[in-house]
Amino acid sequence: MTITYEIKDNLYVNVTNQCSNACDFCVRNLKDAFQNNLWLEREPTLEEIIKDIFSRDLSKYKELVFCGFGEPLERLDTVLEVCKKVKEKTHMNIRINTNGQANKIHNYDVTPRFKSLIDSISVSLNARNAKEYDKICHSRFGEEAFDDLLDFTKKSKKYVEHVQLSVVDCLPPQHIQQCKKIADSIGVNLKIRKEIK
Ligand code: SF4
């Protein structure tokens with residue numbers, strides 16, 4: 001079971017396969033994504049995650065990033081407990097890559113809980129409007145997911161220093177321009193990330 005893995009200077013943490021989306025471009029749809037087996041046969045416990053992280057030489061990494069074959073904030077309590085331990089013992093920056101649906105998943109505003117634990121949040125925007133988002137991301141919350149992820153992004157800014165939206169580079173340039181306008185309108189950067197094929 002792969003709980004942590006390295007990409008460049010960062011250590012990534014894989015905590016769940018659950019996700020409220022079923023995106024067409026998700027790496028979960030690929031057979032040998034990252035040439036790692038990130039599909040978890042079961043979810044690792046809090047203790048297993050902490051043990052795995054601290055078995056690494058953490059001084060080597062710039063960031064600890066929660067991102068795997070699922071939505072990390074599906075396991076909100078576990079992720080925040082891990083962050084707490086890491087913050088107690090290291091000076092590492094912590095980033096969450098998320099679909100931005102945590103408030104909807106847990107049915108309350110979870111963002112105040114990020115304070116002092118999470119340094120960066122990257123929210124996948126993926127589309128320029130709710131209809132197109134639903135068409136490619138297939139959230140279990142339907143078209144509402146799009147406005148909710150924008151609201152989550154805005155709320156996160158109060159508690160997290162670096163918050164950004166992201167899109168994959170396979171979108172038409174005009175769509176990317178419109179996504180940039182959305183990001184500007186809520187005062188965050190838009191990151192254009194490479195599609196994994
Ligand atoms: S939000 Fe991320 S993990 Fe979930 S289906 Fe989409 S790409 Fe996959």
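Serine 120 is located in strand β5 of what is, I should say at once, a predicted model. With a relative accessibility of 11%, serine 120 counts as buried, because the limit for that class is under 20%. Leaving aside residues up to four places away in sequence, serine 120 is in contact with Glu63, Ile94, Arg95, Ile96, Val160 and His162.

Let me turn to a second buried position. Valine 86 belongs to helix α2, and its relative accessible area is 0%, so valine 86 is buried. Which residues does valine 86 touch, not counting those up to four places away in sequence? They are Ile53, Phe54, Leu64, Met92 and Ile94. Ile94 also appears among the contacts of serine 120. As for separation across the model, the C-alpha atom of valine 86 lies 29 Å from that of lysine 194, a residue 108 places away along the chain.

Two of the contacts of valine 86, Ile53 and Phe54, lead us to helix α1, which covers residues 46-54. Within α1, the buried residues include Ile49, Ile50 and Ile53. Why do the buried residues of α1 line one face of the helix? Viewed down the axis of α1, they fall within an arc of 95°, and therefore they share one face. The face turned away from that buried side carries Glu47 and Lys51, both exposed. As to what the buried residues pack against, the partners are the strands β1 (4-7), β2 (10-13) and β3 (63-66), together with helix α2 (76-89). Phenylalanine 54 has a further neighbour to report: the charged end of lysine 89 sits over its ring, 5.7 Å from the centre.

I now come to the aromatic rings. How many aromatic pairs are there? The count comes to three. In one of them, phenylalanine 114 and phenylalanine 152 have ring centres 6.0 Å apart and planes at 75°, so this pair is edge-to-face; the angle required is over 60 degrees. Phenylalanine 114 lies in the loop between α3 (102-106) and β5 (120-124), whereas phenylalanine 152 lies in helix α5 (residues 144-156), so the pair ties together parts that are 38 residues apart in sequence. Phenylalanine 114 is buried, at a relative accessible area of 0%. Phenylalanine 152 likewise counts as buried, with 0% relative accessibility.

Next, the backbone. Most residues other than glycine have a negative phi. Asparagine 107, although not a glycine, has a positive phi of about 65°. Asparagine 107 is found in the loop between α3 and β5, and at 69% relative accessibility it counts as exposed. Histidine 138 is another residue other than glycine with a positive phi, here near 50°. The position of histidine 138 is the loop between α4 (130-137) and α5. Is histidine 138 buried, exposed or partly exposed? Its relative accessibility is 36%, so histidine 138 counts as partly exposed.

Finally, the ligand. Which residues surround the ligand? They are Cys19, Asn21, Ala22, Cys23, Cys26, Arg28, Gly70 and Asn99. By character, this shell divides into four nonpolar residues, three polar and one charged.

Definitions and conventions
Residues are numbered from 1 along each chain as its sequence is written. This is a predicted model: local features need pLDDT of at least 70, side-chain atom pairs count only at pLDDT 80 or more; totals for chains, interfaces and linings use all residues. Side-chain values use heavy atoms; hydrogens and water are left out. Buried means under 20% relative accessible area, exposed over 50%, partly exposed in between (1.4 Å probe, protein chains only). Helices (H or I, at least four residues) and strands (E, at least two) are DSSP runs, numbered from the N terminus. The arc is that of the directions from the helix axis to the C-beta atoms. Contact means heavy atoms within 4.5 Å. Rings of Phe, Tyr and Trp (its six-membered ring) pair if their centres lie within 6.5 Å; planes under 30 degrees apart count as stacked, over 60 as edge-to-face and the rest as tilted. A charge sits over a ring if NZ of Lys or CZ of Arg is within 6 Å of the ring centre and within 35 degrees of the ring normal. A residue is near a molecule or strand if one of its heavy atoms lies within 4 Å of it. Ala, Val, Leu, Ile, Met, Phe, Trp, Tyr, Cys and Pro count as nonpolar, Asp, Glu, Lys and Arg as charged, and the others, Gly among them, as polar.
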